[in-house]
Amino acid sequence: MTAVGRPTDDSTDSPVVRSLTAGEIARLVQGELRGDASATVHAVAPLHRAGAGELSFLASARYADVAATSSASVLLVAPELADTPGAAPARIVVERPHDAVLTLLPLLYAAPPRRAGIDPTARFGRGVRLGADVTVEAYAVIGDDVVLGDRAWVGSHAVVGAAVEIGADSRLYPHVTCYTGTRVGQRVLVHAGARLGSDGFGYVYREGAHVKIPHVGRCLIDDDVEIGANTTIDRGSVDDTRVGAGTKIDNLVHLAHNVHVGRLCLIMAQVGVAGSTRIEDGAILAGQAGIAGHVTIGRGARVAAQAGVFGDVPAGESWSGYPARPHRQSLRGSAALQRLPELLKPLERLLREREGSSS
């Protein structure tokens, strides 16, 4: 084990705020500077509330009126909007303002340095193996035979079950639970309250009772995955549940047993995926979509918010509605449904006339 010592206050999530001049920003984003190169910013804010010392951006003409009255000190502007009226002391013309903001955010809001150390209130089982520079915060519980890779970070009150492996540079935020058999890759972020590797919902009705199916599969999280707060990912029953490298999962998502998620997928809040479903590389599931079990969401497919998917979605297609179907077809169906009351009026009139003539 590494030496026991309480992590310093630098292990908190409070960002270290820095400042940049307009000239420095223009060099960093490779943009064209117009105005005062010494204008300084220390924060990013939306156009409508940006003030002195803050950076904002204009990427769409629909916000030109807001930009004209914005008090931002530096404005990132798309080329086609470069001459939009505005009072900012400096503007930087850049091809993709949104991308430029992503470049600048880590510089303006630098994460505090993580300090290695093990809080004396943390508890460790037998046979634990710790890599270099590990951080374990207060009241974390580390089970028998756990492996924590180099620079792994386990938050307060997190529970890491027996034989779990956490890869290098991965972080479990407070109150995360990893059940036995969970494997977490490198550079993974698991936010507060997430549960990885719990039993799936599997029962057989036998002799008048629901008999639980033992779950002996694993929960496998590949490299560079991010898992949102209070998301739950079940272990496999016999097969494994797996989340592919680079996939990002929002808060309050549920992945059932034996689900396989490919690489670079996006799964948004309150999505529910039933057992043994396959979600192929690059698929996007929008908020509150519900996916039935044993279906396949094809490579690069997109499922709209609140869609109910009961069959396979072909690769590259966009589906929406309930039940889900190709997006254009769903839109036509919704439009027809909205017109139904007007279409029924002539029929209702004919029925009334017929009833009147027969009386």
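# Exercises on a predicted model

Cys219 is buried, with a relative accessible area of 1%. The structure is a predicted model. The exercises start from this cysteine.

## Exercise 1: Cysteine pairing

Find the cysteine sulfur closest to that of Cys219, and decide why the two form no disulfide.

*Solution.*
- Step 1. The closest cysteine sulfur to that of Cys219 belongs to Cys178, at 7.9 Å.
- Step 2. A disulfide needs the two sulfur atoms within 2.5 Å. The separation of 7.9 Å is too far for a bond.
- Step 3. Turn to the partner. Cys178 is in no disulfide, and its nearest cysteine sulfur is that of Cys219.
- Step 4. Cys178 is buried too, with a relative accessible area of 1%.
- Step 5. Count the disulfides in the model: the result is zero.

## Exercise 2: The nonpolar cores

Identify which residues touch the most other members of the largest nonpolar core. Then list what Ile221 contacts beyond its sequence neighbours.

*Solution.*
- Step 1. The largest nonpolar core has 54 residues. Ile221 and Ile297 touch the most other members.
- Step 2. Leave out residues within four places of Ile221 in sequence. Its contacts are then Arg183, Val184, Gly185, Val188, Leu196, Ile227, Ile233 and Val243.
- Step 3. Another core lies apart from the largest one and has 18 residues. Its members include Ala26, Leu55, Ala90 and Leu108.

## Exercise 3: Strand S8 and its partners

Work out which strands pair with S8, and in which direction each runs. Are the residues on its two faces buried or exposed?

*Solution.*
- Step 1. S8 spans residues 90-93. Ala90 and Ile92 lie on one side, Arg91 and Val93 on the other. All four are buried, and both faces are covered.
- Step 2. Strand S3 (residues 32-35) runs antiparallel to S8, joined by four bridges. Arg34 has Arg91 as its bridge partner.
- Step 3. Strand S7 (residues 74-77) runs parallel to S8, also with four bridges. Here Leu75 stands opposite Arg91.

## Exercise 4: The buried side of H1

List the buried residues of helix H1 and show why they lie on the same side.

*Solution.*
- Step 1. H1 covers residues 22-29. Its buried residues are Ala22, Gly23, Ile25, Ala26 and Val29.
- Step 2. These residues cover an arc of only 160° around the axis, so they sit on the same side of H1.
- Step 3. Look just past the helix. Gln30 has a positive phi of about 55°.

## Exercise 5: The twelve-strand sheet

Determine which strands stand at the edges of the open sheet of twelve strands.

*Solution.*
- Step 1. Write the strand order: S10-S13-S16-S19-S22-S27-S30-S33-S36-S39-S41-S42. The pairing is mixed.
- Step 2. S10 (117-118) and S42 (325-326) each have a single partner strand, so they stand at the edges with one side lacking a neighbour in the sheet.
- Step 3. Check one pair inside the order. S19 (residues 171-172) and S22 (residues 189-190) run parallel, with two bridges. Arg171 stands opposite Leu189.

## Exercise 6: The setting of Gln288

Locate Gln288 and name the residue whose side chain makes a polar contact with its own.

*Solution.*
- Step 1. Gln288 sits in the loop between S36 (284-285) and S37 (290-291).
- Step 2. Its relative accessible area is 40%, so Gln288 is partly exposed.
- Step 3. Beyond four places in sequence, Gln288 touches Ala269, Gln270, Val271, Gln306 and Ala307.
- Step 4. The side chains of Gln288 and Gln306 make a polar contact at 2.6 Å.
- Step 5. Met268 is 20 residues from Gln288 in sequence, yet the C-alpha to C-alpha distance is 7.6 Å.

Technical notes. Residues are numbered from 1 along each chain as its sequence is written. This is a predicted model: local features need pLDDT of at least 70, side-chain atom pairs count only at pLDDT 80 or more; totals for chains, interfaces and linings use all residues. Side-chain values use heavy atoms; hydrogens and water are left out. A nonpolar core is a set of buried Ala, Val, Leu, Ile, Met, Phe, Trp, Tyr and Cys residues joined through side-chain atoms within 4.5 Å. Buried means under 20% relative accessible area, exposed over 50%, partly exposed in between (1.4 Å probe, protein chains only). Contact means heavy atoms within 4.5 Å. Two strands pair if DSSP finds at least two bridges between them. The arc is that of the directions from the helix axis to the C-beta atoms. A polar contact is a pair of N or O atoms within 3.5 Å; within protein, one must be able to donate a hydrogen and the other to accept it, and residues adjacent in sequence count only if both atoms are side-chain atoms.
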